[in-house]
Amino acid sequence: MSSTPSAQPRMRAIVLDRFGGVDELVPRTIDVPIVGESDVLIKVSVAGVASWDAVERQGEYEDAFGIASTFPYVLGWDAAGTIAAVGSAVTRFAVGDRVYAASMPVPRGGFYAEYGVVAEEHVAHVPERLSMTEAGVMAWDALTALSGIDLLDLAPGQTLMVFGASGGMGHMVVQLAQQRGIRVLAVSSGADGVALSRSHGAAAVVDGRSHDVVAAAEAFAPNGLDAAFVTVGGSVLERALRAMHPSGRVVWPHGVHPLPATPPAVPILHFDGDRSRAALERLNSLIDAGTFTPHVAQRFPFTRVQDAHRALREHYVGKLALDVAGDDAEPTVSCVGSRSRWRITPGIPR
């Protein structure tokens, strides 16, 4: 008597059949990814929608990871949800656990889907004080923020200019730096960005769109800034870096564009975010010990993912979220305004 193999489980996903514009994002039913022995399968509740998703959607990462892209292609680097299955070698997680993860869409697909598979190494439990939405947008930006602050190794009371302080990564840098006792000058964007940075405890805040950032930096640190954390490139940044102390240093995550046309007089330290188990555990300990909270500017139902990508072209502060598990909710909007002019790509851990 022969038996018929059971069919591979299926799931809803937002896919690309080719790289291109917003209209290339389409709903599809595809196979649930296969779980390896050191993997966990996450039933996704919330996925982060990030500026680098749009860059990836357009095909600009093609060949960047040393692996050929295959279609249908599923975006989504950040997510939170519950464990649906674990591999045979997994010991830290059980079915039903609330978790968040930092993944990469190549080669096994991202989190714009009902389920996502990721190595156990890149998964952590959701801290009790965070919502699923907050945790879902957090991983890559928070881990890169923490890596950059570690690289600077500033002492309490030293000065740090965070350029792009109201953006996805920047607002997390401000919070983590302030938690260490570092004096932060936040260069933010718009009245909403200024308000956000003030709420996060920055010692001083300047609107980079409408005020003299160099004058603000010189007033904040008359002897020169000890350090700068760059999340936004451009001419205003290049002028602002003139306010650095001769012994100062700048951290610049890989993927932040544009790169400086004229290098500053101080060293630029390029780096990637650490998404290891140790980094995730330390991030969770900092969240548990402080007031760190990701700011979610807008939430979009799963079926309105195209609107979420259109919103990436507009001004917003903090992060955007995609509600994968609940289509019925209307988008929650806190800050929408004029067009943003920057992008950031998460660094690839080496």
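This report walks through a few corners of the structure above, which is a predicted model.

## Two helices and the residues around them

Let us start with helix H4, residues 170–179. Eight of its ten residues are buried, so H4 is largely enclosed by the rest of the structure. The buried ones are Gly170, His171, Met172, Val173, Val174, Gln175, Leu176 and Ala177.

Valine 174 makes a good example from this helix. Its relative accessible area is 0%, so it counts as buried. Which residues does valine 174 touch, not counting residues up to four places away in sequence? They are Val162, Ala165, Val184, Ala186, Ser197, His200 and Ala202. Another residue to look for is phenylalanine 163, eleven residues from valine 174 along the chain, with 9.9 Å between the two C-alpha atoms. After H4 comes glycine 181, which has a positive phi near 85°.

Helix H5, residues 190–199, has a different set of buried residues to look at: Gly190, Gly193, Val194, Leu196 and Ser197. These cover an arc of only 160° around the axis, which puts them on the same side of H5. Here is a handy idea for reading such a pattern. An α-helix has 3.6 residues a turn, so residues three or four places apart point the same way. On the other side of H5, you will find Ala191, Arg198 and Ser199 exposed. What covers the buried residues of H5? The cover includes helix H4, strand E9 (183–188) and strand E10 (204–207).

Moving on along the chain, histidine 200 sits in the loop between H5 and E10. With a relative accessibility of 14%, histidine 200 counts as buried, because the cut-off for buried is under 20%. Leaving aside neighbours within four places in sequence, histidine 200 is in contact with His171, Val174, Gln175, Gln178 and Thr293. Just after H5, glycine 201 takes a positive phi of about 90°.

## Aromatic rings

The structure holds nine aromatic pairs. In one of them, tyrosine 61 and phenylalanine 65 meet edge-to-face, with 5.7 Å from centre to centre and 85° between the planes. Both tyrosine 61 and phenylalanine 65 are buried. Tryptophan 77 and tryptophan 140 also form an edge-to-face pair, at 5.5 Å centre to centre and 75° between the planes. Tryptophan 77 lies in the loop between helix H1 (51–57) and strand E4 (78–86), while tryptophan 140 belongs to helix H3 (residues 139–152), so this pair ties together parts that are 63 residues apart in sequence. These two tryptophans, 77 and 140, are both buried. Ring pairs also link Trp52, Tyr61, Phe65, Trp77 and Trp140 into a cluster.

## A pocket

Rolling a probe the size of a water molecule over the atoms shows where empty space is left. The second largest pocket holds about 320 Å³ of space. It is lined by 20 residues, and the closest to its centre are Pro72, Val74, Pro107, Arg108 and Gly109. The lining is made up of 14 nonpolar, four polar and two charged residues.

## Backbone angles worth a look

Most residues other than glycine have a negative phi, and most peptide bonds are trans. The table lists some places that depart from this.

| Residues | Feature | Angle |
|---|---|---|
| Valine 106 and proline 107 | cis peptide bond | omega about 5° |
| Histidine 257 and proline 258 | cis peptide bond | omega about -5° |
| Aspartate 63 | positive phi, not a glycine | phi about 75° |
| Aspartate 153 | positive phi, not a glycine | phi about 55° |

Where do these residues lie? Proline 107 is in the loop between strand E5 (98–102) and strand E6 (115–119). Proline 258 is in the loop between E12 and strand E13 (268–271). Aspartate 63 is in the loop between H1 and E4, and counts as exposed at 60% relative accessibility. Aspartate 153 is in the loop between H3 and strand E8 (159–163), and counts as exposed at 58% relative accessibility.

## One more loop residue

Finally, find alanine 243 in the loop between helix H7 (235–240) and strand E12 (244–253). Is alanine 243 buried or exposed? At 7% relative accessibility, alanine 243 counts as buried. Not counting residues up to four places away in sequence, alanine 243 touches Ala217, Glu218, Gly224 and Leu225. Leucine 225 is 18 residues from alanine 243 in sequence, and their C-alpha atoms are 6.3 Å apart in space.

How values were computed
Residues numbered from 1 in each chain as written. Predicted model: local features only at pLDDT ≥ 70, side-chain atom pairs only at ≥ 80, totals over all residues. Heavy atoms only, no water. Buried < 20%, exposed > 50% of the residue type's maximum accessible area, 1.4 Å probe, protein only. Helix = DSSP H or I, 4+ residues; strand = E, 2+ residues; numbered from the N terminus. Arc of directions from axis to C-beta. Contact = heavy atoms within 4.5 Å. Phe/Tyr/Trp six-rings, centres within 6.5 Å; stacked < 30°, edge-to-face > 60°. 1 Å grid on protein atoms, 1.4 Å probe; cavity = no way out; pocket = protein on both sides within 12 Å on 5 of 7 lines; lining within 4 Å. Points joined across faces, edges and corners; volume = space filled by probe spheres on them. Nonpolar A, V, L, I, M, F, W, Y, C, P; charged D, E, K, R; others polar.
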